[in-house]
Amino acid sequence: SQELQLLLAVMADTGLFEFVHRELSEEVFETSQARQLFNLMEECFQKGELSFSSICEKCPDEPLVNLITTSVISGEYSANTKKFIEDSIQLIKRKELSRQRDYIIQRLKSLGDSVSPEVQKEKDQLLTEKMNIDRSLLSR
């Protein structure tokens, strides 16, 4: 997944985690491995112990440790790491905005043609939110 690749790139340069931490929250990580790695990185970051070795020592998921080790040793993310991370963050944010937009559209459809004041107020709020998301998607 894009989220896991992003975190594997951060493992190649753990100094970039602070940037990722500011830009993304745990909720955007869809796979269990990506969420687990993000949480481990965050825990180590909060303790001032963020490093390749501390993450690998604390990770209970052996296949994930092997994946981390393989990707760091291969040097897959060593060239243009910061650019890769910035691009990945933008893609993840777009994906999250698209997901929110899809939810709003489904909610609007479920409200149907009702003209009650409460429903109309909710529709107006949802339409405003959808327009804001559309603007954000266009500007990215």
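Charged side chains in this predicted model number 18 positive and 24 negative, and the centres of the two sets lie 7 Å apart. Some of these charges are paired, since the count of salt bridges comes to 13 when a side-chain nitrogen of Lys or Arg has to lie within 4 Å of a carboxyl oxygen of Asp or Glu. Before turning to individual pairs, it helps to set out the fold that carries them.

The protein is built from 7 helices and 0 strands, so that the order of elements from the N terminus on reads α-α-α-α-α-α-α. Its radius of gyration is 19 Å, whereas a compact globule of 140 residues would have a value near 14 Å. Along the principal axes, the C-alpha atoms fill a box of roughly 60 × 30 × 25 Å. Of the 140 residues in the protein, 34% are buried, and the protein exposes about 8200 Å², with carbon and sulfur atoms supplying 51% of that area. Among the contacts with a separation of 6 or more, 65% are accounted for by residues 24 or more positions apart in the sequence.

The chain can be entered at its N-terminal end, with helix α1, which spans residues 2-12 and is mostly covered, 8 of its 11 residues being buried. The buried residues of α1 are E3, L4, L6, L7, L8, A9, V10 and M11, a list in which the acidic residue E3 appears beside leucines, an alanine, a valine and a methionine. These buried residues pack against α2 (17-23), α3 (32-46), α4, α5 and α6. E3 also has a place among the charge pairs, for it is linked with E30, K95, E96 and R99 in a network of salt bridges.

A further pair ties helix α2 to helix α6. E23 forms a salt bridge with K93, and the closest N and O atoms of the two are 2.4 Å apart. This pair links distant parts of the chain, with E23 in helix α2 and K93 in helix α6, 70 residues apart. E23 has a relative accessible area of 29% and is therefore partly exposed, as this class covers the values between 20% and 50%.

Two other salt bridges are each made within a single helix. In the first of the two described here, K82 is joined to E86, with the closest N and O atoms 3.5 Å apart; because the two residues are 4 residues apart in helix α6, about one helical turn separates them. Both partners are partly exposed, K82 because its relative accessibility is 44% and E86 because its relative accessible area is 30%.

The other is found in helix α7, which comprises residues 117-139 and contains K130. Here D134 forms a salt bridge with K130, the closest N and O atoms being 2.8 Å apart, and the two residues, both in helix α7, are 4 residues apart, or about one turn of the helix. K130 counts as buried because its relative accessibility is 18%, which falls under the 20% limit. Leaving aside its neighbours within four places in sequence, K130 is in contact with R101, I104 and I105.

D61 offers a contrasting case of a charged residue. D61 is found in the loop between α4 (52-58) and α5 (62-74), where it is buried yet has no salt bridge. The nearest side chain of opposite charge, that of R35, is 13 Å away. Apart from neighbours within four places in sequence, the residues in contact with D61 are Q33 and Q36.

The loop between α5 and α6 (81-111) holds a last residue to consider, N80. The phi angle of N80 is near 55°, a positive value in a residue other than glycine. N80 counts as exposed because its relative accessibility is 61%, over the 50% limit for that class, while D61, in the loop between α4 and α5, is buried.

Conventions: Residues numbered from 1 in each chain as written. Predicted model: local features only at pLDDT ≥ 70, side-chain atom pairs only at ≥ 80, totals over all residues. Heavy atoms only, no water. Rg over C-alpha atoms; globule rule 2.2 N^0.38 Å. Buried < 20%, exposed > 50% of the residue type's maximum accessible area, 1.4 Å probe, protein only. Contact = heavy atoms within 4.5 Å. Areas by Shrake-Rupley, 256 points an atom, 1.4 Å probe, with all protein chains shown as cover. Lys, Arg positive; Asp, Glu negative; His and termini not counted. Charge placed at Lys NZ, Arg CZ, Asp CG, Glu CD.
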